[in-house]
Amino acid sequence: MTAGDGVTPVGREPAGPTGVPVQASGAPEPPAPPRPGAERAVLRLARPYLGRLLGAGLLAAATEFAGLALMATATWLLMSAAGRPPLDRLTVAIVAVRALAVGRGVFRYTERLAGHDAVLRMITDVRARVFATLAVRRDGADRRTGDALSRLVSDVEAAQDLLLRVLVPGAAAALVSVLAVGGAALISPPAAGVLAVGLLLAGVALPALATRLTRRAADEVAPLRGALAVDAVDLTHGAADLAAFGATDAALAAARGRAGRLARLERRLAATGFAVDAAGVLVGGLTAAAVVVVALRADVRGVLVGVLAVGTLAAVEVALALVAAARQRTQLRAGLARVADLLTEPAAPAPATAAPPASGGHDVRFEGVTVRYRAGAAPALAGFDLDLPAGRRVAVVGPSGAGKSTVAGVLTGAVVPTEGRVTVGGTPVSDHPADDLPRLVGGLLAEAYVFHATVRENLLLGRPDAGAAELADATRAAGLLDWVHDQPDGWDTVVGEQGGQLSGGQRQRLALARALLAAPPVLVLDEPTEGLDPAAADAVLASALAATPAGHSVLLISHRLSGLAGLDEVVVLEDGGVAQRGRHDELVARPGWYREQWLRQEAAERGYLSLAP
Ligand SMILES: Nc1ncnc2c1ncn2[C@@H]1O[C@H](COP(=O)(O)OP(=O)(O)OP(=O)(O)O)[C@@H](O)[C@H]1O
């Protein structure tokens, strides 16, 4: 039962690589280089906050400039004070030092406030877009919870860091470097030339070197983190199965291998970072020395030489922020590319036209629907036709893999047909607004999720405004009411994560009750009695059908043929095509898969087979 899991058949695949393809050895394949334009795709979402970001950038530049000016003025003040001049010659400098010290703190504070305000607003948009895309994404690879979580949390933070740690400080450092050269030129143009060279080394050459040295390792980090998040989810959720198959050690070893590789990469990145930082300090010292020599040769004397030396050290330090920004940018590339993959994808299958609302009724029609999940593979559904006018009840049966769940997936919009179309109320499913379709079509889909909440909360998801009587009716129809009454906490019984504190049958009944409570006009029931013994299955199916309001249509997907006698039509699917169709008694009378299977199931369930030799 895989069709309803949300997949995109061939030709509709979303763009871009996802996660880390893991080789049998457990070592991740080298990542594809992040595609260009990822930053642009993310930054496009920052547009509404451009004013705030510009403000933050200017405040950051003001902070750095105040720091630089503070160092230069303080140096001038200290050196001048050593000559014991009259106090009034120092007054302006004293006031300037105080003002710059206070101003720097104020600028820094307001810059952080403005920058974070803009970025947190933008991140909210990014997260909402990423979440919306993940929620409807149709390729199997991205159904991995860990990877999705990693994209939502750490990759999205890359977008935040791109602005706060790369663009804003980078732009501020570049601006202040230019101002520093201008300031030095007022004292000595040749010294300013040397300073410019030093700043170019610190702000251009070193960042380029840092990028070159760390790019490859950095590109591997984000997908590896995603893979580790997948490991964490698999190891936790699959712990019992891994133990049952004696595979725990191998799975742990593979995860440990990835964790070790991540640690090695991060160590390498840190070591390269330290080396580049050390080179930055060296550049600062050498530039200051060269500036002093050139200034002395240019006849600059006394206090101003000291101001130039200290100012140079401070300016180079400001320019070195560009090294940190470049390093950060390199490390963010892969994460940004993973986010951009999702941002550049349509968040949901957009309606082609403004769809007419539910006034079209809820007649359902499948017209030549073909679904092909993979290129070259046989179609899961081939030219499937079905009429399900309002009030009709149809069962789709057939052997495993025949395409039954795919029919349900196409009807609920989870699977997009490769050819043909499905209409509800005359409007193609893909043209119904995403919010409207579940009100028309819904029910119990394959692998229905039961939440870690109370029985009541799980049920109310189907219809939030349901009253006590409606809750009881739906639960009774699903055969779960006695169990609820037997629980000490009754409706407030917590069912555990993924319904883990329920038996398989109880979980299925709870999901069925929720579907019955929701009572959409087109009720899809995909294997509603899975996990129940034959007698219970017959009883539950009968009561569920009886509880469905007249006028509502039912599409029942089932591998059991019992209890179908009351339905208007039974469609037998084989290899994606319709092999037989008719009412139950007609099909039982005719030779074919249905009759054979019916006789076999009847015999097995009545225990006759056990009497066979
Ligand atoms: N998400 C998917 N990706 C690729 N192939 C898929 C996917 N879902 C289903 N298929 C393939 O499509 C075919 C039909 O699958 P489907 O789940 O519709 O069959 P089914 O009749 O419901 O089977 P079952 O009774 O075992 O649940 C199968 O061959 C299956 O392998």
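How many of the 613 residues of the protein chain count as buried? The share is 42%, and this goes for a predicted model, so keep in mind that everything below describes a prediction.

**Figure 1. The whole chain, before we zoom in.** Count up the pieces and you get 18 helices and 10 strands in the protein chain. Now take the contacts between residues at least 6 apart in sequence: 79% of them join residues at least 24 apart.

**Figure 2. Helix H7 meets helix H8.** Here's a handy idea to start with: two packed helices are described by the angle between their axes and the distance between the axes. The pair in this view is H7, residues 248–297, and H8, residues 303–319. Their axes come within 9 Å and cross at roughly 150 degrees. Because of that angle, H7 is roughly antiparallel to H8. The crossing of H7 past H8 is right-handed. Who does the touching? On the H7 side, look for Val283, Gly284, Thr287, Ala288, Val291, Val292, Ala295 and Leu296. On the H8 side, the contact is made by Val305, Leu308, Ala309, Thr312, Leu313, Val316 and Glu317. Sort the contact of H7 with H8 by class and you find 11 nonpolar, three polar and one charged residues.

**Figure 3. Helix H5 also packs against H8.** This time the partner of H8 is H5, which covers residues 189–237. The two axes lie 9 Å apart, at an angle of about 25 degrees. That angle is why H5 counts as roughly parallel to H8. H5, too, makes a right-handed crossing as it passes H8. From H5, the residues to find are Ala191, Leu195, Gly198, Leu199, Ala202 and Gly203. They meet Leu308, Thr312, Ala315, Val316 and Ala319 in H8. By class, the contact of H5 with H8 comes out as eight nonpolar, three polar and no charged residues. If Leu308 rings a bell, that's fair: Leu308 is listed in the contact of H8 with H7 and again in the contact of H8 with H5.

**Figure 4. An open sheet built from six strands.** Read across this sheet and the order is E6-E7-E8-E3-E9-E10, with mixed pairing. Which strands stand at the edges? They are E6 (441–444) and E10 (577–582), and each has a single partner strand, so one side of each is left without a neighbour in the sheet. Ignoring direction, neighbouring strands here are turned by 20 degrees against each other on average.

**Figure 5. Inside the sheet, around strand E3.** Strand E3 takes in residues 393–397, and four of its five residues are buried, so E3 is largely enclosed by the rest of the structure. Towards E8, strand E3 pairs in the parallel sense over four bridges. Towards E9 (residues 569–574), four bridges join the strands, and these run parallel as well. A good residue to follow is Val396: its bridge partner in E8 is Ile557, and its bridge partner in E9 is Val571. Strand E8 (residues 553–557) is also joined to E7 (residues 522–526) by five bridges, and E7 and E8 run parallel. There, Asp526 stands opposite Ile557 in E8.

**Figure 6. Two residues with an unusual sign of phi.** Most residues other than glycine have a negative phi. Ala519 isn't a glycine, yet its phi is positive, about 45 degrees. You'll find Ala519 in the loop between helix H15 (504–518) and E7. Glu527 has a positive phi as well, near 50 degrees. Its place is in the loop between E7 and helix H16 (534–547). Buried or partly exposed: which word fits each residue? Ala519 has 18 other C-beta atoms within 10 Å, so Ala519 is partly exposed. Glu527 has 22 C-beta neighbours inside 10 Å, so Glu527 counts as buried. The cut-off that separates them is 20 or more other C-beta atoms for a buried residue.

**Figure 7. Arg595 and its surroundings.** Arg595 belongs to helix H18, residues 593–605. With 15 other C-beta atoms within 10 Å, Arg595 is partly exposed. What does Arg595 touch, leaving out residues up to four places away in sequence? The list is Leu587, Val588 and Arg590. Asp585 is 10 residues from Arg595 along the chain, and their C-alpha atoms are separated by 9.4 Å.

Definitions and conventions. Residues numbered from 1 in each chain as written. Predicted model: local features only at pLDDT ≥ 70, side-chain atom pairs only at ≥ 80, totals over all residues. Axes fitted to C-alpha atoms, helices over the stretch in contact; angles between N-to-C directions. Helix = DSSP H or I, 4+ residues; strand = E, 2+ residues; numbered from the N terminus. Parallel < 35°, antiparallel > 145°, perpendicular 65-115°, else oblique. Left-handed = near helix turned anticlockwise from the far one by under 90°. Contact = placed C-beta atoms within 7 Å. Nonpolar A, V, L, I, M, F, W, Y, C, P; charged D, E, K, R; others polar. Pairing = 2+ DSSP bridges. Buried ≥ 20, exposed ≤ 12 C-beta atoms within 10 Å, placed from the backbone.
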